[in-house]
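Trainee: I should like to work through this structure by asking about individual residues and elements. May I put my questions one by one?

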Amino acid sequence: MKKRIYLSLVAISMMLASCFQDLDQNSPFDFPPQPTPPPIGADGQMFYMSFDTDLEDYQSLMEASKVGNPGFADGKKGKAYAGAKDSYLTFSVSSLATQLGSEMTFCFWYKVNANPDRAGILTIGPKTDGAGPGAQNNRTSGIRLFRESSGSKQRIKANVGNGTDDSWVDGGANADIDPATSGWKHIALVVSTGKTRLYFDGVEVAAANLSKISWNGCDIISIGSGAPRFTEWGHMSDNSLIDELRIFNKALTETEIKNVASK
């Protein structure tokens, strides 16, 4: 809905500008020439899926591909992605508005469904060198954001590859979510040179040292599952709800993360 409103406003302004030009008058709207929408936002936003009944990335205007039968449900804002068994989305890295870089932020609203008791949430990883299309769990590059059972709760963790090795972002009980009481949580994974941080609702819950991040061989983004690249330990499709998925080509601060969550 928000995307359609934005595009409608831009279309209306363009029509009005054209009408004034036909009358040899200056338009009252001073819009500089630019793509609609701009490929990268002024705040560094390079990817945005609102999930308002469609699967389009707002920045590149490209559609994600469906695997299985994911759906939509009432979200934090408008509609949300609703996961289902053996279902997830993929998006080609080559279709992004700009390349993945050395400092990145991945954030979204999340309403956990603890069934199954572990799942992948967001995966950008390579396949195993020399192996077939289904090869997975090569953790030397990319990111893997996932959840696992922790008693009656779910613990959110991340794994990041630096080109030759990987590091784990595990905050222990600080990164637990109670499916029975938590409702919607805003989750942000921030990657920067030297450190990776995980935030819940703008508060840091986990951090790990990281010399750098490598994106070598990372050609797809998986949304709502670890499949097809991170399933060796059972991090398959997620039945949870995901809303307002955004990627930034910079490491957002706590204040910036809170500002994004308030949009």
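Trainee: Where is Gly-101 found?
Mentor: The model before us is predicted. Gly-101 touches Ile-213 and Trp-215, leaving aside residues up to four places away in sequence. As for its own place in the chain, Gly-101 is in the loop between strand S5 (88-92) and S6.

Trainee: Is Gly-101 buried or partly exposed?
Mentor: A residue counts as buried under 20% relative accessible area and as exposed over 50%. Gly-101 has a relative accessibility of 25%, so Gly-101 is partly exposed.

Trainee: What distance separates the C-alpha atoms of Gly-101 and Ser-192?
Mentor: Along the chain, Gly-101 and Ser-192 are 91 residues apart. In space, the separation of their C-alpha atoms is 9.5 Å.

Trainee: Which strand holds Asp-243, and what is its relative accessible area?
Mentor: Asp-243 has its place in strand S16. Its contacts outside the neighbouring sequence include Ser-50, Phe-51, Phe-108, Trp-109 and Trp-184. Asp-243 is buried, and its relative accessible area is 0%.

Trainee: Which backbone nitrogen does the side chain of Asp-243 reach?
Mentor: Among the residues that Asp-243 touches are Gly-75, Lys-76, Lys-77 and Lys-79. At 2.9 Å, the side chain of Asp-243 reaches the backbone nitrogen of Lys-77.

Trainee: Which residue in the turn between S3 and S4 has a positive phi?
Mentor: Strand S3 (residues 71-74) and strand S4 (residues 79-82) run antiparallel and are joined by four bridges. Within this pairing, Ala-73 stands opposite Ala-80. The two strands form a hairpin with four residues between them, and the turn residue with a positive phi, about 70°, is Gly-78.

Trainee: What is the bridge partner of Tyr-81 in S16?
Mentor: S4 also pairs with S16, in the antiparallel sense and over two bridges. In S16, the partner of Tyr-81 is Ile-242.

Trainee: Which residues have the most contacts inside the largest nonpolar core?
Mentor: The largest nonpolar core has 47 residues. Leu-198 is in contact with Leu-145, Ile-156, Val-169 and Val-205, among others beyond four places in sequence. The residues with the most contacts inside this core are Ile-143 and Leu-198.

Trainee: How many residues does the second, separate core have?
Mentor: Apart from the largest core there is a second one, which includes Cys-107, Ala-188, Ile-257 and Val-260. The number of residues in this second core is eight.

Trainee: Within what arc do the buried residues of H2 fall?
Mentor: Helix H2 (residues 254-261) has Ile-257, Val-260 and Ala-261 as its buried residues. They line one face of the helix because, seen down the axis of H2, they fall within an arc of 100°.

Trainee: Which strands do the buried residues of H2 pack against?
Mentor: The buried residues in question are Ile-257, Val-260 and Ala-261. They pack against strand S6 (104-111), strand S12 (185-192), strand S13 (194-200) and strand S16 (241-248).

Trainee: What is the N to O distance in the salt bridge of Lys-157 and Glu-148?
Mentor: Side chains of opposite charge can pair when their charged atoms come close. Lys-157 is buried at a relative accessible area of 17%, and Glu-148 is buried at 14%. Their side chains meet in a salt bridge with an N to O distance of 3.1 Å.

Trainee: How many residues apart in sequence are the parts tied together by Lys-157 and Asp-170?
Mentor: Lys-157 forms a salt bridge with Asp-170, with the closest N and O atoms 3.6 Å apart. Lys-157 lies in strand S9 (residues 153-161) and Asp-170 in the loop between strand S10 (166-169) and strand S11 (176-177), so the parts tied together are apart in sequence by 13 residues.

Trainee: Is Arg-229 buried or exposed?
Mentor: Arg-229 forms a salt bridge with Asp-219, and their closest N and O atoms are 3.0 Å apart. Arg-229 is in the loop between strand S15 (220-223) and S16, whereas Asp-219 is in the loop between strand S14 (203-210) and S15. Asp-219 is partly exposed at 37% relative accessibility. The value for Arg-229 is 9%, so Arg-229 counts as buried.

Notes
Residues are numbered from 1 along each chain as its sequence is written. This is a predicted model: local features need pLDDT of at least 70, side-chain atom pairs count only at pLDDT 80 or more; totals for chains, interfaces and linings use all residues. Side-chain values use heavy atoms; hydrogens and water are left out. A nonpolar core is a set of buried Ala, Val, Leu, Ile, Met, Phe, Trp, Tyr and Cys residues joined through side-chain atoms within 4.5 Å. Buried means under 20% relative accessible area, exposed over 50%, partly exposed in between (1.4 Å probe, protein chains only). Contact means heavy atoms within 4.5 Å. The arc is that of the directions from the helix axis to the C-beta atoms. Two strands pair if DSSP finds at least two bridges between them. A salt bridge is a side-chain nitrogen of Lys or Arg within 4 Å of a carboxyl oxygen of Asp or Glu. A polar contact is a pair of N or O atoms within 3.5 Å; within protein, one must be able to donate a hydrogen and the other to accept it, and residues adjacent in sequence count only if both atoms are side-chain atoms.
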